[in-house]
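Let's take a walk through a protein model, one residue and one element at a time. Have the sequence and the 3D view open as you read.

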Amino acid sequence: MAPRLCIISAAARRLLGKPGPRAGDLAAAAAVRFYSKDSEGSWFRSLFVHKVDPRKDAHSTLLSKKETSNLYKIQFHNVKPEYLDAYNSLTEAVLPKLHLDEDYPCSLVGNWNTWYGEQDQAVHLWRFSGGYPALMDCMNKLKNNKEYLEFRKERSKMLLSRRNQLLLEFSFWNEPQPRAGPHIYELRTYKLKPGTMIEWGNNWARAIKYRQENQEAVGGFFSQIGELYVVHHLWAYKDLQSREETRNAAWRKRGWDENVYYTVPLVRHMESRIMIPLKISPLQ
């Protein structure tokens, strides 16, 4: 394979020339920072209506962790192919400084390039400790951060498109923690039928135990802002072969097949990305 062409401007070289934090600093910092009835319908039709107990709380309150107030942001950046190496270098020079700066209530959870799935794509996962107030605090501070503004301007020249979502974590999933590598990561994205998030959570709260033995479960999230009724499951594997073996082993456990049976009808679309961590990622 021919070597990738790396194109980078003078502004980017100035950013890259500034000293960045060491990988050990990133891991250390990361370690410290979920009946109604039809009033007009006939009794006969009501026999075929799925009845749900009345709820006074949103599904975000019912399904998310109560002991934390973390908010997550996931970013998908589609990079011009000839700029991917330059994009990675620029990202690795700037983002860790926000991660390590205690004045910003945000931290990097993971940073990847997509290996299988949409090509020339970068995925970043951030945690905001303190929820929406922390998010707004960071946004306001970044408006006055000259280095970050220069970084965004330079980065924009390298992108084809970008999108993001704000997420909450499911109460029954692991809290994403830094881990030593090497690993590959799989991001499985499910777009659910509206109104099915509670049912999805109820099934996975029972099923997650079948996927814990090899410590492959990294984190589970559902969208709050951006595209709605979207679920992201993040898994870690040693390699593609261990992924295959781990997934096959789940089918040999009594109960896993029931989870698949009950949750597949809830899904409108699903996608799998296999991702490789960047050097700055706390998840290696």
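Start with Thr189, which counts as buried because its relative accessibility is 6%. Keep in mind that you're looking at a predicted model. Where does Thr189 sit? Its place is in strand β5, which covers residues 184–192.

So what is around Thr189? Leaving out residues up to four places away in sequence, Thr189 touches Val230, Val231, His232, His269, Met270, Glu271 and Arg273. With His232 there is also a polar contact, side chain to side chain, at 3.0 Å.

**Strands side by side**

Strand β5 has a partner: β5 and β8 pair in the antiparallel sense over 8 bridges. To find a matching spot, look for Leu187, which stands opposite Arg273 in β8. Strand β8 (residues 267–277) also pairs with β2, again in the antiparallel sense, over 4 bridges. There, Tyr116 stands opposite Ile274 in β8. One handy rule for looking at strands: in a regular strand the side chains alternate between the two faces of the sheet.

**A helix with a buried side**

Now turn to helix α6, residues 131–142. This helix has 12 residues and reaches 17 Å from its first C-alpha to its last, close to the 16 Å expected at 1.5 Å a residue. Which residues of α6 are buried? They are Gly131, Ala134, Leu135, Cys138 and Leu142. These residues cover an arc of only 100° around the axis, so they lie on the same side of α6. And what do they pack against? The buried residues of α6 pack against β1 (70–79), α5 (84–100), β2 (106–116), β3 (121–129), α7 (146–156) and β4 (159–169).

**Two cysteines, no bond**

Cys138 from that buried set brings us to a last puzzle. A disulfide is a covalent bond between the sulfur atoms of two cysteines. How many disulfides does the structure hold? The count is 0. Cys106 is in no disulfide, and the nearest cysteine sulfur, that of Cys138, is 3.7 Å away. Why is there no bond for Cys138? Its sulfur is 3.7 Å from the closest cysteine sulfur, in Cys106, and that is too far for a bond. The cut-off here is 2.5 Å between the two sulfur atoms.

Here are the buried residues we met that come with a value:

| Residue | Relative accessible area | Status |
|---|---|---|
| Cys106 | 6% | buried |
| Cys138 | 3% | buried |
| Thr189 | 6% | buried |

Terms used: Residues are numbered from 1 along each chain as its sequence is written. This is a predicted model: local features need pLDDT of at least 70, side-chain atom pairs count only at pLDDT 80 or more; totals for chains, interfaces and linings use all residues. Side-chain values use heavy atoms; hydrogens and water are left out. Buried means under 20% relative accessible area, exposed over 50%, partly exposed in between (1.4 Å probe, protein chains only). A polar contact is a pair of N or O atoms within 3.5 Å; within protein, one must be able to donate a hydrogen and the other to accept it, and residues adjacent in sequence count only if both atoms are side-chain atoms. Contact means heavy atoms within 4.5 Å. The expected span of a helix is 1.5 Å times one less than its number of residues. The arc is that of the directions from the helix axis to the C-beta atoms. Two strands pair if DSSP finds at least two bridges between them.
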